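The turns below take a structure apart by its contacts, its accessibilities and its backbone angles, with each cut-off stated where the term is first needed. Please look over the sequence and the coordinates before reading on.

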Amino acid sequence: MRSAMSDFSRRRFLTIFATAGALSAAPFALKAQHPVRTWKGVAMGSAASISLSHPNADDILLRATRELERLENIFSLYRENSTLAQLNRDGVVNTPPFELLECLGLCGTINQASGGLFDPTVQPLWQLYAQSYSEGRAPENVFIRKTLSRTGWDKVVINQSQVSFRRPNMAMTLNGIAQGYVADRIAKLLRDDGLNNVLINTGEFAALGGHPEGEDWPVSINTGSEIRKERVMLRDNALATSLPNGTFFDQAGLVGHILDPRTGRPAQARPTAVSVTATKAAVADGLSTAICLMNKGEADKLLAQFPSAKLV
């Protein structure tokens with residue numbers, strides 16, 4: 001399960017992007033009525049952007065970025081006063097925001113569908129690995145076993161009035177799904193405002209309609225070692241990518257950051273990038289994370305439970 005980065009993001013090694021050059025190079029059949037405007041910034045610890053064509057683009061982008069800020073105050077691991085930080089610090093959050101409850105509900109769905117391989121409660125394991133390797137050593141087996149006792153989705157209690165942990169010193173990371181979830185929320189905000197033909201990038205992609213000039217949105221996948229030649233074309237669809245070895249705990253680059261909640265060990269099943277498309281970016285995000293821990297047969301079985309999802 002993908003977890004938190006303290007000093008660097010996996011996006012330094014694994015970047016998905018749709019650049020202005022890539023867009024201008026596409027053979028679009030129509031001319032957009034208004035120029036495509038793109039906001040670029042940082043969201044959820046990743047380079048982010050929103051591209052759209054509208055006469056009131058500046059006002060729309062301002063509203064969207066304000067919503068990004070609000071959602072970061074729910075899901076960020078690094079903001080001391082975020083809802084997630086409060087949960088990890090206190091073990092409980094009373095009157096949780098709707099967005100947290102909705103995201104955690106999807107976490108539960110993917111956790112069950114993946115046989116527990118998607119598990120946001122691996123954060124204590126990630127902290128153990130980060131601390132151990134910062135001291136120049138691998139974590140000892142005894143500490144891995146002890147830390148595993150503080151993980152498990154079945155130890156999370158979720159209802160409308162409260163989210164809490166059943167055991168002390170638990171913690172949660174939503175880095176394996178929150179980027180996609182936030183993209184979905186921005187897409188909903190803009191859709192509810194009547195917009196179409198928008199591309200949202202929060203580290204994962206959500207396309208609302210297609211490109212304003214008529215074609216689909218072309219998105220290139222950069223795995224860190226290469227840029228795939230084949231672009232993924234998005235229209236009313238989403239794309240997420242995970243890479244088991246996108247970020248490493250050790251200096252030698254051998255110990256990847258996606259951890260197996262069954263064993264407490266780094267992912268072994270897939271050494272290469274996993275890209276998934278689905279109608280919802282959060283679904284694609286969570287599935288791509290889980291598939292990093294699966295062989296092909298297991299991945300096919302998981303994807304069969306989500307009809308809109310497929311590997312690309």
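**Contacts, burial and backbone angles**

Q: Does Thr-95 count as buried or exposed?
A: The relative accessibility computed for Thr-95 is 65%. Buried means under 20% relative accessible area, exposed over 50%, and partly exposed in between, with a 1.4 Å probe and protein chains only. Because 65% is over the upper cut-off, Thr-95 counts as exposed.

Q: What kind of model is this, and which atoms do side-chain values use?
A: This is a predicted model, in which local features need pLDDT of at least 70 and side-chain atom pairs count only at pLDDT 80 or more, while totals for chains, interfaces and linings use all residues. Residues are numbered from 1 along each chain as its sequence is written, hydrogens and water are left out, and side-chain values use heavy atoms.

Q: Where is Thr-95 found, and what is its phi?
A: Helices (H or I, at least four residues) and strands (E, at least two) are DSSP runs numbered from the N terminus, and Thr-95 is found in the loop between strand 4 (92–94) and helix 4. Most residues other than glycine have a negative phi. Thr-95 is a residue other than glycine with a positive phi, near 50°.

Q: What is the phi of Asn-169?
A: Asn-169 sits in the loop between strand 6 (162–165) and helix 7, and at 60% relative accessible area Asn-169 is exposed. Its phi is again positive in a residue other than glycine, with a value near 65°.

Q: How many salt bridges does the structure hold?
A: A salt bridge is counted when a side-chain nitrogen of Lys or Arg lies within 4 Å of a carboxyl oxygen of Asp or Glu. With that criterion, the number of salt bridges in the structure is 15.

Q: Which residue forms a salt bridge with Asp-58?
A: The closest N and O atoms of the pair are 2.8 Å apart, and the partner of Asp-58 is Arg-37. This pair links distant parts of the chain, 21 residues apart, with Asp-58 in helix 2 (residues 57–75) and Arg-37 in strand 2 (residues 36–43). Asp-58 is partly exposed at 46% relative accessibility, and also partly exposed, at 37%, is the partner asked for, Arg-37.

Q: Which residue meets Glu-99 in a salt bridge?
A: The side chains of Glu-99 and Arg-185 meet in a salt bridge at 3.9 Å, N to O. The pair links parts of the chain 86 residues apart, Glu-99 being in helix 4 (residues 98–113) and Arg-185 in helix 7 (residues 178–192). Glu-99 is buried at 8% relative accessible area, and buried at 16% is its partner, Arg-185.

Q: Which residue forms a salt bridge with Lys-188?
A: The closest N and O atoms of this bridge, between Lys-188 and Asp-192, are 2.7 Å apart. Being four residues apart in helix 7, the two are separated by about one helical turn. Lys-188 is partly exposed at 38%, whereas exposed, at 54%, is the partner, Asp-192.

Q: How many disulfides does a search of the whole structure find?
A: A disulfide is a covalent bond between the sulfur atoms of two cysteines, and here the pair of sulfur atoms must lie within 2.5 Å. The sulfur of Cys-107, a buried residue with 0% relative accessible area, is 4.5 Å from the closest cysteine sulfur, in Cys-103, which is too far for a bond. Over the whole structure, the number of disulfides found is zero.

Q: Are helix 7 and helix 8 roughly parallel or antiparallel?
A: Axes are lines fitted to C-alpha atoms, for helices over the stretch in contact, with angles from 0 to 180 degrees between N-to-C directions. The axes of helix 7 and helix 8 (residues 281–291) come within 7 Å and cross at roughly 170°. Angles under 35 degrees count as roughly parallel, over 145 as roughly antiparallel, 65 to 115 as roughly perpendicular and the rest as oblique. The two helices are therefore roughly antiparallel.

Q: Which residues does Val-156 touch, not counting residues up to four places away in sequence?
A: Val-156 is in strand 5 (residues 156–159) and, at 9% relative accessibility, counts as buried. Contact means heavy atoms within 4.5 Å, and the residues that Val-156 touches, with that exclusion, are Thr-121, Val-163, Ser-164, Phe-165 and Met-172.
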